[in-house]
Amino acid sequence: MDYQYIGKSIPKVDSAQKATGTAQYINDLSFPNMLWGKVLRSIYPHAEIVHIDKSKAERLPGVKAIITAQDIPDGLYGPFIKDEPVLARGKVRYIGEPVAAVAAIDRETAEEAIQLVEVEYDELPSVFDPLEAMKSDAPLIHEDLSSYFCIFPAVQEGNVCSRTTFVEGDIQQGFKEAGLIVEETFRTHMQHQSYMEPSGAIALIDPSGKIIIHSSTQGIFITQSRVSESLKIPMSKIRVIAPNVGGGFGGKIETNVQPICVALAQKTGLPIKVVLTREEEFTAGRPRHPTTIWGKLGLKKDGTFVAKEMINIFDTGAYSDDGPGVTGFGSLMARGPYRIPNLKIVGNCVYTNKVKSGAFRGFGNPQTGFASESLIDMAAKELNMDPLDLRLKNALVPGDHSVGKQTIHSVGIMECLKKAAEALEWKQKKGKCRGRGIAAVNHISGLLTVSAFVRINEDGTISLHVGTMDIGQGSDTILTQIVAEELGVPLEDINLISRDTDAAPYTWATSASRLTYTGGNAVRLATIDAREQLLELASKQLDENKDDLMIQNKKIFVKWDPEKGLTFHQLGAISCWVKGGPIVGKSSFMVETPPFDRSGFSGFPFGTMTGYIFAAQAVEVEVDVETGKVKMIQCASAHDVGHAIHPQNVEGQIEGGFVQGLGYALTEEIVFDGGKVINPSFADYKIPMAMDIPPITPIIVEAYDETGPYGAKGLGEPGLVGVAPAIANAIYDAIGVRIKDLPITPEKVLDAIKGKKVTIPWTDIWKKNF
Amino acid sequence: MRYFEYFEPKSVGEACQFLNEHEEAKILGGGVSLVVLLKNGLITPSHLVNIKTIPGLARIEWDDREGLTIGGLNHHRDILLSPLIQRHCPILAEAASKIATPPIRNLGTIGGNVAHAEPSADFPPALIALNASLMLTSPGRERKVPIEEFFTDYYENILGQGEILTRIDVPPLPPRSAGTYIKLDKITNSIAIVGVASVIGFDEKGICIYAGVGLGGVASTPLNVKGAKDILVGEKITETHIDKIAKEAQAMANPITNVHASAEYRKEMVYVLTRRALQGSLDKALGR
Ligand SMILES: Cc1cc2nc3c(=O)[nH]c(=O)nc-3n(C[C@H](O)[C@H](O)[C@H](O)COP(=O)(O)OP(=O)(O)OC[C@H]3O[C@@H](n4cnc5c(N)ncnc54)[C@H](O)[C@@H]3O)c2cc1C
């Protein structure tokens, strides 16, 4: 099919602004009489709040308001389980939890003021390790768990706020048929999204009493909803506007400072700005869940996978946030892009007295993927098979099923694996201490809803109203391309109206790699609707059959008589002033089909997911056996995106995802001493820099998906997912040691070389219990 | 709130005088480290004395007898790019190249880097291996001290009230000599987990006539592996010599555990990297 805009790497619609530095972010915004807000945070991991004395702080000149839980409504919020207060109520559950907030004339005064607020605590026993937290005698972090409102039928027990189980076939029978069983326990760590722009918001109240929130967010409607439920304000009284967002990677889907900001604005009647410091980002943000994962894979002697069992323990910290979703989704993906007839995956989302974890590129998949893809290489070694061949032998093909028995038609995993391996010359001889590793990835890109309106203006230009957030990933460009394609208009004619809950129709967040697939479908359908209405109007005005008309160069005319026609300008004006009424195409898109067969599901917090995407990451490493340092030699990352609507953007996502995966695998880790983060700065938390980035070959695979716009599926997350296991597998290939514990630090490699045994704590009772 | 006054002296004398009169005043060099401390409330100076406005404190000069002179206010970037340094002690350029990123190298000064007395800083091990001296200037007085005597503890040095590090002197090396600086870091150019500098010089017969080894990141101060000189000078260097020095370096190291690495790992790496640094210098000096 020949497209005018689709499949073309046109300049991104926001690139000029970004390149010239004119794009405005939350910190660039300011309002008359604006105050600075600052949050006082808990210094204990678990403690009763006995008394808060605000008097000293109140006397500090420049302080305008100090609020504690007593001053605000007692709403609880959260995406899955409503368990989190805006300010700690009765007790604190992690070091960094908001206890009070101050509004003052400037940032320095606010900072000084919070230090004058005196809080008397009575410390409670705390628990930091999720395995400990699951024991029956562990301190309870949420005594009222059973009374919290959940948006799904959650399976809960003690500190386990959500347990998701998937069962297919008969694993007992499956493992009986296996000629080889590999079994191991793995551990993954806490990674921060490390977006360059810290979370922040400005709240103000307009003269009508409406609350306006400028929010650095991945979802304007999510900010609206969380502020509404936590502060008990009707959504009709809340308007959320987003400026440019300096990165999110999942960390800005849910709210952070927004409810606090609003509460301070309500108290003072003045605009309030709250922007987190980097330290606050690390201690009170929303990082990636650490996990402990026990997995067992059964194979026939010829390498055919027959059974898999996995127990995933996700440490969600003090509040559930996206934890139930991350645990459930990570567990759903744990089968991997393979046929495995007999399956039992259990995910536990467990409270501990640490900063809450949440959504982060991959959403549970990097954790379970690390365990799964390491197990496969362990099996390959036992069977003396090439790990690539073992994967290819078991990889899904079109017509195979998802967990939950959806038939998947667009499946490019084999091609991804082959091409990524090929790019590294997989079968060629390797140098000394060099090794190659590969990992396969499955993910989804169809989830929940996007709605869109496409309006034809009086002058024939176009307004696209859609609530999606482009946080740098390029969705504004993709969605504009789609409108341009369907109407045949230049990009300049399209006014994209998003980022404002008062102007855009409802959309769920920028998340789940979903905006090209889910958002693309919605925008395409809305544009087609508008186009049909235009044709309808033209057909009436020209008194010609609709089927005899065609669209070209912003004009609708009779196919064989181009002189007989009307321009978009004419049609727009007619619709607005004379006939038919303004043209508004609309679409409300919801991912509903194909549904899951849920007979083997329990406690899964999502409805339907689809738009399955596939990827393979392959790496070549060199290990310095004296220092333990792992050097990346070359890398390839192949992604099945269905159809690349903007190939350059796809490559950017592949490379960016890879680099974030590299940090996850090797250098990034939030380190705790008990409940306290001890490295809350970029001086001590190390993300890869330009000089650390190896050559990466991005490879686009296009297994056309009938259900996606122009055959497209998503991207975004999977680029990160396979990097850590690919590196672990490459290290094994290079020097014969298996690292089961992320991140792969030089010290761990050196210890492994020396033969030091690493035992990851695990209790076998979990296996029997679920 | 944090207030301080800002002062721009016109001469070293004026600066020293001012510092002498204001006990809580601090010298502002490139500001790269100082501003971080200031922002985090770790220091609360009454005054900042910006010595960058003083003419003549940034100069790199060579004298055949005296060797190399580097001004206290030369930026890391100056050192990276100076042809004199490339010719006479390229190890300093090598160390400079491993410091952070271009913005830091454009702002930070070698005097500040040394005066800050961060035990993991990259210049001190190289300067130790080069047997450098520091010129410390105070009102009416100048003293020249060997670099290793400068450091006293974590972020502590011997600078007295009103004293400024104005100059660094590096004596000339034998014609056949070479240096190597190896930095073990978590990501490229992040803080040294271990830094090892070695400089070796030979006579025409291949007998060692100069040796210096400096360590960073493994104790409360940068360390001078003094044994290097005793073990190597007068010898034709062999694997055994290298091993002996590496072991001595390892024995001297008294590192701490932090988020970047454990003490045990650091100690082990001192051995590995000292060997590599010595081997590197040897290979370079002998044209291998
Ligand atoms: C992000 C970052 C990364 C860094 N990475 C590295 C690295 O990899 N390797 C490395 O070696 N360093 C690193 N540094 C430190 C850097 O090299 C600094 O430039 C250096 O430590 C201080 O130099 P400055 O001129 O900026 O000194 P300033 O910050 O101005 O001063 C530092 C201290 O020295 C004193 N001082 C400054 N100049 C003089 C003088 N002439 N006489 C007496 N006292 C003086 C000041 O009073 C202050 O106490 C890094 C710093 C940052 C912020």
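Student: How much accessible surface does chain B have, and what share of that surface belongs to carbon and sulfur atoms?
Tutor: Accessible areas are computed by the Shrake-Rupley method with a 1.4 Å probe, and for residues only the protein chains shown count as cover. For chain B the accessible surface is about 12,300 Å², with 52% belonging to carbon and sulfur atoms. This is a predicted model, in which local features need pLDDT of at least 70 and side-chain atom pairs count only at pLDDT 80 or more, while totals for chains, interfaces and linings use all residues. Residues are numbered from 1 along each chain as its sequence is written, chains are lettered from A and ligands numbered from 1 in the order in which they are written, and side-chain values use heavy atoms, with hydrogens and water left out.

Student: What does the radius of gyration say about chain B?
Tutor: The radius is taken over C-alpha atoms and set against a globule rule, 2.2 Å times the number of residues to the power 0.38. For 288 residues a compact globule would be near 19 Å, and chain B agrees, at 19 Å. Along the principal axes, its C-alpha atoms fill a box of roughly 60 × 45 × 30 Å.

Student: What percentage of the residues of chain B count as buried?
Tutor: Buried means under 20% relative accessible area, exposed over 50%, and partly exposed in between (1.4 Å probe, protein chains only). In chain B, 55% of the 288 residues are buried.

Student: How should I read a positive phi, or a cis peptide bond?
Tutor: Most residues other than glycine have a negative phi, and most peptide bonds are trans. A:Ala512 has a positive phi of about 55° without being a glycine. To place this residue, note that helices (H or I, at least four residues) and strands (E, at least two) are DSSP runs numbered from the N terminus. A:Ala512 sits in the loop between strand 22 (494-497) and helix 14 (515-542) of chain A, and is buried at 16% relative accessible area. A:Tyr710 also has a positive phi, near 55°; this tyrosine is buried, at 5% relative accessibility.

Student: Which residues are joined by a cis bond with omega of about -10°?
Tutor: One such bond joins A:Thr593 and A:Pro594. A:Pro594 lies in the loop between strand 26 (584-590) and strand 27 (601-602) of chain A. Another cis bond joins A:Leu742 and A:Pro743, with omega about -10°. A:Pro743 belongs to the loop between helix 18 (723-735) and helix 19 (746-753) of chain A.

Student: How many salt bridges are there over all chains?
Tutor: Side chains of opposite charge can pair when their charged atoms come close. The rule asks for a side-chain nitrogen of Lys or Arg within 4 Å of a carboxyl oxygen of Asp or Glu, and the count is 59 over all chains.

Student: Which parts of chain A does the pair A:Lys740 and A:Glu184 tie together?
Tutor: The closest N and O atoms of A:Lys740 and A:Glu184 are 3.6 Å apart. A:Lys740 is in the loop between helix 18 and helix 19 and A:Glu184 in strand 10 (residues 180-188), so the salt bridge ties together parts 556 residues apart in sequence. A:Lys740 is partly exposed, at 21%.

Student: Where do B:Asp243 and B:Lys247 lie?
Tutor: Both are in helix 10 (residues 239-252) of chain B, 4 residues apart, about one turn of the helix. Their closest N and O atoms are 2.6 Å apart. B:Asp243 is buried, at 16% relative accessibility, whereas B:Lys247 is partly exposed, at 47%.
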